[in-house]
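The exercises below ask the reader to work through a single chain, from its overall layout to particular residues. Please attempt each task with the structure open before reading the solution.

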Amino acid sequence: MSTPTATAPDEETGAVTTPNRRRRLVVVGGVVLVVVLAAAWWFLLRPSDEVHAEEAPQPGAVTTLEPITLNLADGRLLKVGLALQLPLSEGGDEAEAEVNGAVALDQAITYFSGKTYDELIGTDGRQAAKAELSAQVAERYHGEVLEVYFTQFLMQ
(Lines give C-alpha, C1' and ligand atoms only; values in the text may rest on other atoms or scores of the structure.)
Protein backbone atom coordinates (compact mmCIF):
# COMPACT_ATOMS: atom_id res chain seq x y z
CA MET A 1 0.00 0.00 0.00
CA SER A 2 1.15 3.36 -0.83
CA THR A 3 0.44 6.46 1.08
CA PRO A 4 0.97 9.94 -0.18
CA THR A 5 4.35 11.12 0.85
CA ALA A 6 4.58 14.51 2.35
CA THR A 7 7.36 16.79 1.48
CA ALA A 8 9.21 18.97 3.85
CA PRO A 9 7.26 21.81 5.45
CA ASP A 10 7.11 25.00 3.42
CA GLU A 11 9.74 27.44 4.65
CA GLU A 12 7.49 30.52 4.55
CA THR A 13 4.18 29.16 5.84
CA GLY A 14 5.28 26.01 7.61
CA ALA A 15 2.47 24.04 5.90
CA VAL A 16 3.15 20.60 4.52
CA THR A 17 2.36 20.43 0.76
CA THR A 18 2.27 17.54 -1.64
CA PRO A 19 3.50 17.70 -5.26
CA ASN A 20 -0.12 17.48 -6.57
CA ARG A 21 -1.23 20.38 -4.46
CA ARG A 22 1.72 22.48 -5.57
CA ARG A 23 0.93 21.68 -9.24
CA ARG A 24 -2.70 22.66 -8.71
CA LEU A 25 -1.66 25.99 -7.17
CA VAL A 26 0.58 26.72 -10.17
CA VAL A 27 -2.24 25.95 -12.66
CA VAL A 28 -4.82 28.00 -10.75
CA GLY A 29 -2.34 30.86 -10.40
CA GLY A 30 -1.64 30.75 -14.16
CA VAL A 31 -5.35 30.84 -14.99
CA VAL A 32 -5.92 33.77 -12.63
CA LEU A 33 -2.97 35.61 -14.19
CA VAL A 34 -4.37 35.09 -17.72
CA VAL A 35 -7.81 36.33 -16.64
CA VAL A 36 -6.32 39.42 -14.97
CA LEU A 37 -4.20 40.23 -18.05
CA ALA A 38 -7.19 39.76 -20.38
CA ALA A 39 -9.33 42.04 -18.21
CA ALA A 40 -6.59 44.68 -18.13
CA TRP A 41 -6.31 44.58 -21.92
CA TRP A 42 -10.10 44.77 -22.35
CA PHE A 43 -10.57 47.78 -20.08
CA LEU A 44 -7.32 49.67 -20.64
CA LEU A 45 -5.68 48.82 -23.96
CA ARG A 46 -8.52 47.74 -26.27
CA PRO A 47 -9.06 50.14 -29.20
CA SER A 48 -12.17 52.19 -28.63
CA ASP A 49 -14.97 52.01 -31.19
CA GLU A 50 -15.46 55.79 -30.98
CA VAL A 51 -11.84 56.49 -31.88
CA HIS A 52 -11.87 54.44 -35.09
CA ALA A 53 -15.38 55.16 -36.27
CA GLU A 54 -15.00 58.29 -38.35
CA GLU A 55 -18.21 60.13 -38.74
CA ALA A 56 -19.21 61.22 -42.21
CA PRO A 57 -19.01 64.99 -42.44
CA GLN A 58 -22.33 66.77 -42.26
CA PRO A 59 -23.34 68.71 -45.40
CA GLY A 60 -23.09 72.47 -45.07
CA ALA A 61 -23.27 75.29 -47.57
CA VAL A 62 -23.59 74.78 -51.33
CA THR A 63 -21.48 77.00 -53.58
CA THR A 64 -22.84 77.49 -57.10
CA LEU A 65 -20.37 78.09 -59.92
CA GLU A 66 -21.05 79.87 -63.19
CA PRO A 67 -21.98 77.52 -66.06
CA ILE A 68 -19.30 76.81 -68.67
CA THR A 69 -19.52 75.66 -72.27
CA LEU A 70 -16.96 73.16 -73.50
CA ASN A 71 -16.27 70.82 -76.39
CA LEU A 72 -16.85 67.10 -76.03
CA ALA A 73 -14.44 64.57 -77.56
CA ASP A 74 -16.69 64.11 -80.62
CA GLY A 75 -16.95 67.84 -81.42
CA ARG A 76 -20.35 68.50 -79.81
CA LEU A 77 -20.92 71.14 -77.15
CA LEU A 78 -21.79 70.73 -73.48
CA LYS A 79 -22.99 73.53 -71.24
CA VAL A 80 -22.62 72.44 -67.64
CA GLY A 81 -23.24 74.27 -64.40
CA LEU A 82 -21.78 72.96 -61.16
CA ALA A 83 -22.57 73.39 -57.48
CA LEU A 84 -20.20 72.19 -54.75
CA GLN A 85 -21.53 70.68 -51.51
CA LEU A 86 -19.22 71.79 -48.71
CA PRO A 87 -19.00 70.20 -45.26
CA LEU A 88 -20.56 71.89 -42.25
CA SER A 89 -18.00 74.16 -40.64
CA GLU A 90 -16.61 73.53 -37.16
CA GLY A 91 -19.02 75.93 -35.46
CA GLY A 92 -22.03 74.53 -37.32
CA ASP A 93 -22.35 77.76 -39.29
CA GLU A 94 -23.78 77.40 -42.79
CA ALA A 95 -22.44 80.75 -43.94
CA GLU A 96 -21.07 80.82 -47.46
CA ALA A 97 -17.61 79.30 -47.28
CA GLU A 98 -14.78 80.45 -49.47
CA VAL A 99 -13.77 77.79 -51.96
CA ASN A 100 -11.82 78.28 -55.15
CA GLY A 101 -14.22 77.12 -57.87
CA ALA A 102 -11.50 77.20 -60.52
CA VAL A 103 -10.23 73.82 -59.37
CA ALA A 104 -13.65 72.20 -59.88
CA LEU A 105 -14.12 73.88 -63.26
CA ASP A 106 -10.67 72.75 -64.39
CA GLN A 107 -11.47 69.17 -63.36
CA ALA A 108 -14.83 69.36 -65.18
CA ILE A 109 -13.16 70.58 -68.38
CA THR A 110 -10.53 67.84 -68.17
CA TYR A 111 -13.13 65.17 -67.48
CA PHE A 112 -15.83 66.14 -70.00
CA SER A 113 -13.45 66.94 -72.86
CA GLY A 114 -12.61 63.22 -72.96
CA LYS A 115 -16.28 62.12 -73.09
CA THR A 116 -18.53 61.79 -76.11
CA TYR A 117 -22.17 62.71 -76.61
CA ASP A 118 -23.16 59.02 -76.69
CA GLU A 119 -21.47 58.36 -73.31
CA LEU A 120 -23.41 61.18 -71.64
CA ILE A 121 -26.79 61.13 -73.42
CA GLY A 122 -28.80 58.87 -71.09
CA THR A 123 -29.65 59.27 -67.44
CA ASP A 124 -27.25 56.46 -66.56
CA GLY A 125 -24.40 58.14 -68.41
CA ARG A 126 -25.08 61.48 -66.75
CA GLN A 127 -25.27 59.88 -63.27
CA ALA A 128 -22.05 57.92 -63.85
CA ALA A 129 -20.34 61.13 -65.02
CA LYS A 130 -21.59 62.96 -61.94
CA ALA A 131 -20.30 60.23 -59.63
CA GLU A 132 -16.87 60.14 -61.31
CA LEU A 133 -16.57 63.93 -61.37
CA SER A 134 -17.62 64.15 -57.70
CA ALA A 135 -14.90 61.68 -56.71
CA GLN A 136 -12.25 63.50 -58.75
CA VAL A 137 -13.22 66.93 -57.40
CA ALA A 138 -13.34 65.66 -53.80
CA GLU A 139 -9.84 64.27 -54.27
CA ARG A 140 -8.53 67.55 -55.68
CA TYR A 141 -10.07 69.54 -52.81
CA HIS A 142 -8.75 67.11 -50.14
CA GLY A 143 -12.11 66.63 -48.44
CA GLU A 144 -13.25 70.27 -48.62
CA VAL A 145 -15.96 69.30 -51.14
CA LEU A 146 -18.38 66.45 -50.38
CA GLU A 147 -20.25 66.22 -53.68
CA VAL A 148 -20.75 67.92 -57.02
CA TYR A 149 -24.23 68.74 -58.33
CA PHE A 150 -25.20 69.63 -61.89
CA THR A 151 -27.20 72.85 -62.01
CA GLN A 152 -27.24 72.77 -65.84
CA PHE A 153 -26.48 70.01 -68.29
CA LEU A 154 -27.19 70.86 -71.91
CA MET A 155 -25.64 69.06 -74.90
CA GLN A 156 -25.97 69.84 -78.60
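**Exercise 1. Place Leu-133 among its contacts, then describe the nonpolar core to which it belongs.**

The model is a predicted one. Leaving aside neighbours within four places in sequence, Leu-133 is in contact with Leu-82, Gln-107, Ala-108, Tyr-111, Phe-112, Val-148 and Phe-150. The next step is to widen the view to the largest nonpolar core, which has 22 residues and in which Leu-84, Phe-112, Leu-133 and Val-137 have the most contacts. Two or more residues of this core come from each of β2 (68-71), β3 (77-87), α3 (101-112), α5 (123-140) and β4 (147-155), and β3 gives the largest share, with 5 residues. As a general background, nonpolar side chains in soluble globular proteins tend to be buried together.

**Exercise 2. Set out the secondary structure of the chain and its overall burial.**

The chain holds 5 helices and 4 strands, which follow one another along the sequence as α-α-β-β-β-α-α-α-β. For burial, the figure is that 22% of the 156 residues count as buried, while the accessible surface comes to about 11,200 Å², 55% of it belonging to carbon and sulfur atoms. Finally, among contacts between residues at least 6 apart in sequence, 66% join residues at least 24 apart.

**Exercise 3. Check the length of α3, and decide how its buried residues are arranged around the axis.**

Begin with the length: at 1.5 Å a residue, the 12 residues of α3 should span 16 Å, and the end C-alpha atoms are 16 Å apart, so the two values agree. Next, list the buried residues of α3, which are Gly-101, Ala-104, Gln-107, Ala-108, Tyr-111 and Phe-112. Seen down the helix axis, these buried residues fall within an arc of 125°, and therefore they line one face of α3. The spacing can be understood from the fact that an α-helix has 3.6 residues a turn, so residues three or four places apart point the same way. The cover over the buried residues of α3 includes β2, β3, α4 (117-120), α5 and β4. At the start of the helix, a side-chain oxygen of Asn-100 reaches to within 3.1 Å of the backbone nitrogen of Ala-102.

**Exercise 4. Examine the backbone of His-142 and state whether this residue is buried or exposed.**

His-142 lies in the loop between α5 and β4, and its phi is near 55°, a positive value in a residue other than glycine. For comparison, most residues other than glycine have a negative phi. With a relative accessible area of 72%, His-142 is exposed, the cut-off for that term being over 50%.

Definitions and conventions: Residues are numbered from 1 along each chain as its sequence is written. This is a predicted model: local features need pLDDT of at least 70, side-chain atom pairs count only at pLDDT 80 or more; totals for chains, interfaces and linings use all residues. Side-chain values use heavy atoms; hydrogens and water are left out. A nonpolar core is a set of buried Ala, Val, Leu, Ile, Met, Phe, Trp, Tyr and Cys residues joined through side-chain atoms within 4.5 Å. Buried means under 20% relative accessible area, exposed over 50%, partly exposed in between (1.4 Å probe, protein chains only). Contact means heavy atoms within 4.5 Å. Accessible areas come from the Shrake-Rupley method with a 1.4 Å probe; for residues, only the protein chains shown count as cover. The expected span of a helix is 1.5 Å times one less than its number of residues. The arc is that of the directions from the helix axis to the C-beta atoms. A polar contact is a pair of N or O atoms within 3.5 Å; within protein, one must be able to donate a hydrogen and the other to accept it, and residues adjacent in sequence count only if both atoms are side-chain atoms.
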